[in-house]
Amino acid sequence: MRTATRQRSDERLSVPWNIAEWVDTQTVRAWVEEEIATLDWRNPELLTFLRENPNLRARVLLCATEPALREMCGDNLPSTRMLERFRRENRGILKWVLVQILKRGLRTRYNLNTSMLPAGLRQYLVDLATERLDVARHMDRAGQGA
């Protein structure tokens with residue numbers, strides 16, 4: 001199991017690269033959909049972006065895991081380039097959703113209440129989300145031969 005870790009005093013928090021190691025994939029997918037639903041889809045900037053990019057199915061791409069994506073899109077799967085572009089142009093939203101999912105994963109794994117997490121732990125989760133998005137960006141570049 002590959003994990004991202006951070007050492008603090010004598011304690012060690014280990015978060016798996018795939019949060020589904022802690023929580024079943026159906027729950028993770030439901031969490032993602034719930035977090036996406038909290039976004040303001042009436043935001044004028046977002047509406048303009050979606051009008052300018054009618055083929056970019058933002059809600060679908062935010063939920064993009066292979067079996068789930070195939071279920072949602074059928075034969076009309078987004079291209080690799082479309083996924084890469086979406087990740088590049090929506091990094092902030094993706095990072096926010098990923099942090100929310102990591103928070104839920106920690107709360108579930110360690111049976112924590114829904115109160116605010118300590119600032120250091122929140123920052124750690126932001127750092128993990130950034131690291132994972134950086135890995136995806138490097139994979140995109142490698143796929144382009146860059």
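**Leu125 and the pairing of α6 with α7**

Leaving aside residues up to four places away in sequence, Leu125 touches Val99, Leu102, Lys103, Leu106 and Leu117. The model examined here is a predicted one, and Leu125 offers a handy way into it. In the largest nonpolar core, which holds 25 residues, Leu125 is among those that touch the most other members, together with Val15, Ile19, Ile101 and Leu102. Two or more residues of this core come from each of α1 (25–37), α3 (58–62), α6 and α7. The largest share belongs to α6, with six residues. As background, nonpolar side chains in soluble globular proteins tend to be buried together.

The two helices that meet around Leu125 can now be taken as a pair. Helix α6 spans residues 91–109 and helix α7 residues 119–143; their axes come within 9 Å and cross at roughly 125 degrees. This angle makes α6 oblique to α7, and the crossing is right-handed. On the α6 side, the contact is made by Arg91, Leu94, Lys95, Leu98, Val99, Leu102, Lys103 and Leu106. Their partners in α7 include Leu121, Leu125, Leu128, Ala129, Arg132 and Asp134. By class, eleven nonpolar, one polar and seven charged residues take part in this contact.

Between α6 and α7 runs a loop, and Asn111 lies in it. The phi of Asn111 is near 55 degrees, a positive value in a residue other than glycine. Most residues other than glycine have a negative phi. Asn111 has a relative accessibility of 71% and therefore counts as exposed, the cut-off being over 50%.

Methods: Residues are numbered from 1 along each chain as its sequence is written. This is a predicted model: local features need pLDDT of at least 70, side-chain atom pairs count only at pLDDT 80 or more; totals for chains, interfaces and linings use all residues. Side-chain values use heavy atoms; hydrogens and water are left out. Axes are lines fitted to C-alpha atoms, for helices over the stretch in contact, and angles run from 0 to 180 degrees between N-to-C directions. Helices (H or I, at least four residues) and strands (E, at least two) are DSSP runs, numbered from the N terminus. Angles under 35 degrees count as roughly parallel, over 145 as roughly antiparallel, 65 to 115 as roughly perpendicular and the rest as oblique. A crossing is left-handed if the near helix is turned anticlockwise from the far one by less than a right angle, and right-handed if clockwise. Contact means heavy atoms within 4.5 Å. Ala, Val, Leu, Ile, Met, Phe, Trp, Tyr, Cys and Pro count as nonpolar, Asp, Glu, Lys and Arg as charged, and the others, Gly among them, as polar. A nonpolar core is a set of buried Ala, Val, Leu, Ile, Met, Phe, Trp, Tyr and Cys residues joined through side-chain atoms within 4.5 Å. Buried means under 20% relative accessible area, exposed over 50%, partly exposed in between (1.4 Å probe, protein chains only).
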